[in-house]
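Colleague: I am new to this structure and would like to learn how to read it. Could you take me through some of its features?

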Amino acid sequence: VKPLPTKAPPEPTPDLPELLDRACAGDQRAFALLYNANASKVYGLLTRLVGPVAEREDLLQEVFIRFHRALPSYRRDAALATFLHRIAVRVAYDHLRRRGRQPKLSAQPVNEVAGSLPSAADGSAHREEVGEVLALLAQLKPKQRIALVLRVALDLSYPEIADLVGCRPATARMRVAAANRALDKLTARKRRSS
Amino acid sequence: MTQADLARVINSTVEPLSDIGRSSTWRRIEQAISEPERSPARVPRHRVVGGFCIAAVAFVALLLAVRGGSSSSTSTRSSESLVATAGERVDRSWAGGQLTLHGPGMAELVRDGDERVTVIVAEGTAVMRRGADAVTSLSVRTASLETEVTSEVFAVRVYDGITVIATSEQHIDGLVEHLEPVVPAQDAVEPGGEPEPAESEPVVEPTKPEAERPARRIRTPKHAASEPAQEHDAEDTETKPAAEPEPESDPRAEPPTLDEIYASAESAIARGDTDRAVRLLERIVRDDGRGLLATSARYDLALVALGREQYDRALAFVDEIIASGTVPSLKEAARRLRCRILEAQGEPCGE
């Protein structure tokens with residue numbers, strides 16, 4: 001039984017190209033080191049993209065399984081983080097699309113999600129605000145939501161967003177604009193109803 | 001709610017990955033990557049028994065037509081027939097990619113190990129997503145088209161002998177969302193009674209990156225062979241005045257949409273043909289008024305003007321965007337661009 005990786009690897013570890021070569025050759029220990037070094041960042045990105053939902057660990061698993069399969073084709077012309085983030089964006093998109101095909105989320109799961117926020121967000125007012133924002137984001141189209149989150153929460157430029165989601169910068173710009181308009185409409189509708 | 005509020009709320013949902021979560025996820029990953037990859041589940045037979053027989057016959061005929069009956073298979077090769085009834089969609093995936101067949105349609109997924117995947121579409125709309133982790137080389141075949149897919153997403157729709165391809169998400173959405181029969185556009189040619197060449201030749205000769213091309217229709221081989229110079233994309237049709245009838249085009253032909261014109265303008269910018277880009281963008285501004293595309297076009301016009309050192313013109317465009325305020329995100333970008341223009345003029349930004 002191979003030892004379970006726990007914390008991030010200590011400093012004197014093999015450099016990245018060597019790790020990638022070894023992981024590509026089937027060395028699971030090397031792949032574990034890559035996982036440990038990148039899991040938190042990918043998890044954070046997934047959380048931003050899909051919200052603090054329970055399936056995040058499943059999505060994280062999916063990202064690294066796809067990464068493992070894609071290792072032989074990774075030409076290393078892009079940074080590893082960018083490569084992983086592209087996969088994470090694709091996995092998040094698939095998840096949001098699947099969820100969109102399911103019956104519409106009611107307020108209850110959103111509140112449950114908001115209730116499971118980290119301790120920094122314990123204030124009830126903040127929790128309520130987060131719940132409202134998540135409910136609004138859940139009503140956006142997946143592509144628009146992803147573009148908006150990448151733009152607003154990660155402050156990425158349109159070419160960077162386009163690179164991650166695989167579209168043209170103009171398309172990314174239009175998705176963000178469309179998401180903003182949809183959010184404005186949803187917010188206005190909510191105000192009117194309340 | 002401001003963008004800053006939105007960012008604050010979204011970022012506040014991020015929590016660190018716990019050690020337990022990290023370890024349990026790794027266990028599952030380790031287990032998954034240790035196991036040999038399973039082949040995708042097949043379509044339930046009871047749902048497709050009738051269609052399967054028809055599909056099999058159609059595919060054999062299609063394969064014979066496309067390959068001239070000289071097909072051979074290797075030991076690692078596997079083939080799967082997919083049939084989707086009207087309104088149904090069938091999904092298949094391979095390492096780093098996914099195929100979705102929207103019904104009514106028939107397709108065949110041929111896999112040479114994990115190295116090569118060929119999707120043969122007899123009828124229907126097939127959307128292929130190579131994904132960011134594209135491992136496999138992917139090619140697509142229809143009766144009139146054979147091409148390597150290099151873009152991340154690629155859709156092909158075969159209907160009534162007409163093949164339509166799309167390589168951008170926007171156009172793919174259009175193909176999938178509007179599954180009514182395709183009305184041939186300016187560059188589409190209905191299959192006619194002309195003599196068919198003995199062997200099909202490559203129909204699509206990509207002259208520019210696929211991502212730059214809008215959805216377009218591909219002529220069938222007989223027309224491609226007999227009229228090779230008449231294939232246009234949205235860009236080519238745009239060079240003529242909109243009111244001028246397209247010679248030899250279908251009477252039902254539609255003018256290019258604003259979206260297609262925008263795609264052409266972007267292609268022109270990418271090629272460095274800014275004169276043409278400006279003409280197209282100005283047309284969008286004229287036709288779309290205060291719409292999203294017009295606002296976006298103004299932004300691009302401002303960029304072009306800045307590149308040409310036409311600072312007053314560039315400022316006029318960004319000021320229009322800022323004044324209209326129809327697109328908040330572009331408004332912010334326009335403000336930043338305004339600063340760049342002022343700085344280029346040697347003036348203080350003032351913001």
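Modeller: We will go through helix packing, then a cavity, then a single residue.

Modeller: This is a predicted model, in which local features need pLDDT of at least 70, side-chain atom pairs count only at pLDDT 80 or more, and totals for chains, interfaces and linings use all residues. Residues are numbered from 1 along each chain as its sequence is written, chains are lettered from A and ligands numbered from 1 in the order in which they are written, and side-chain values use heavy atoms, with hydrogens and water left out.

Colleague: At what angle do α7 and α8 of chain A pack?

Modeller: Helices (H or I, at least four residues) and strands (E, at least two) are DSSP runs, numbered from the N terminus. Axes are lines fitted to C-alpha atoms, for helices over the stretch in contact, and angles run from 0 to 180 degrees between N-to-C directions. Here α7(A), residues 142-152, and α8(A), residues 158-165, pack at about 135°, with axes 10 Å apart. That makes α7(A) oblique to α8(A). As for the words, angles under 35 degrees count as roughly parallel, over 145 as roughly antiparallel, 65 to 115 as roughly perpendicular and the rest as oblique.

Colleague: Is the crossing of α2(A) and α7(A) left-handed or right-handed?

Modeller: A crossing is left-handed if the near helix is turned anticlockwise from the far one by less than a right angle, and right-handed if clockwise. The α2(A)-α7(A) crossing is right-handed, and α7(A) also passes α8(A) in a right-handed crossing. The axes of α2(A), residues 28-50, and α7(A) come within 9 Å and cross at roughly 125°. These two helices are therefore oblique to each other.

Colleague: Which residues of α2(A) and α7(A) meet?

Modeller: Contact means heavy atoms within 4.5 Å. From α2(A), A:Leu45, A:Arg48, A:Leu49 and A:Val50 meet A:Arg145, A:Ile146, A:Val149 and A:Leu150 of α7(A). For classes, Ala, Val, Leu, Ile, Met, Phe, Trp, Tyr, Cys and Pro count as nonpolar, Asp, Glu, Lys and Arg as charged, and the others, Gly among them, as polar. This contact has six nonpolar, no polar and two charged residues.

Colleague: How do α6(A) and α1(B) pack?

Modeller: Helix α6(A), residues 124-138, and helix α1(B), residues 3-12, pack at about 100°, with their axes 10 Å apart. They are therefore roughly perpendicular to each other. Among the contact residues are A:Val130 and A:Val133 of α6(A), and B:Leu6 and B:Val9 of α1(B). The contact divides into six nonpolar, two polar and two charged residues.

Colleague: How many cavities of 30 Å³ or more does the structure hold?

Modeller: On a 1 Å grid over the protein atoms alone, a cavity is a set of points where a 1.4 Å probe fits but cannot get out; lining residues have an atom within 4 Å of a point. Grid points are joined across faces, edges and corners, and a volume is the space filled by probe spheres set on the points. The structure holds two such cavities, and the largest contains about 120 Å³ of space. Its lining has 13 residues, with A:Val89, A:Arg90, A:Tyr93, A:Val165 and A:Arg175 nearest the centre. The largest share, four residues, comes from α4(A).

Colleague: Which residues does A:Pro142 touch?

Modeller: A:Pro142, in α7(A), touches A:Tyr93, A:Leu96 and A:Arg97, not counting residues up to four places away in sequence.

Key:
On a 1 Å grid over the protein atoms alone, a cavity is a set of points where a 1.4 Å probe fits but cannot get out, and a pocket is an open set with protein on both sides within 12 Å along at least five of seven lines; lining residues have an atom within 4 Å of a point.
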